[in-house]
Amino acid sequence: MEDIAIFRTYSLGGAVLAHLYRELSEATRPKRANIAGCIHLLQIWAWEHLHVGRPQLHVPFPVQLDGLSVGIRWNEERLREVPVGNVMTYRDELDGLLESQVIWEPYTAEIRAQVPEICTSGQDTWLSRVPLISWKRV
């Protein structure tokens, strides 16, 4: 990087998500045994939206985030137990998920009001439900 000042103009979040989406697509191949990308982001997203593999919390969601990420609720000391399973078990559970079992909007208006504005800008877009298109396949 020759000009460090321009670094903040890059959409690193978009690049991370694009890479993760591509890896998720590749990971659906039957003989694929691994995945790359920001798996921590995927794990937190899955725990917030799906019951499959979600640990039980032993303390409630923090009322005041105090500038912390919403993902702080999944910090190790807040967990009661982490489910144990294997890939086939999780795949079967994910394949059997019904739309009614997915939490489409996990963050209440109260929680969204506590996070920085950059986290909520464009929520009309990120709260929309649209098909994902893999341009690599088209």
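Here is a short chat about helix 1 and the salt bridges of this predicted model.

Modeller: Ground rules: it's a predicted model, so local features need pLDDT of at least 70, side-chain atom pairs count only at pLDDT 80 or more, and totals for chains, interfaces and linings use all residues. Residues are numbered from 1 along each chain as its sequence is written, and side-chain values use heavy atoms, with hydrogens and water left out.

Colleague: What makes residues 12–27 helix 1?

Modeller: Helices are DSSP runs of H or I with at least four residues, numbered from the N terminus. Helix 1 has 16 residues.

Colleague: Why is Glu23 called buried?

Modeller: Buried means under 20% relative accessible area, exposed over 50%, partly exposed in between (1.4 Å probe, protein chains only). Glu23 has 10%, so it is buried. Glu26, at 12%, is buried too.

Colleague: What makes the buried residues of helix 1 line one face?

Modeller: Leu20, Glu23 and Glu26 are the buried ones. Seen down the helix axis, they fall within an arc of 120°, so they line one face; the arc is taken from the directions from the axis to the C-beta atoms. These residues pack against helix 2 (39–49), where contact means heavy atoms within 4.5 Å.

Colleague: Why is the Glu23 and Arg32 pair called a salt bridge?

Modeller: The term needs a side-chain nitrogen of Lys or Arg within 4 Å of a carboxyl oxygen of Asp or Glu. Glu23 and Arg32 meet at 2.7 Å, N to O, so the pair fits the definition. Arg29 and Glu26 meet in a salt bridge too, at 3.3 Å.

Colleague: Are those arginines called buried or partly exposed?

Modeller: Partly exposed: Arg32 has 23% and Arg29 has 41%.

Key: Helices (H or I, at least four residues) and strands (E, at least two) are DSSP runs, numbered from the N terminus. The expected span of a helix is 1.5 Å times one less than its number of residues.
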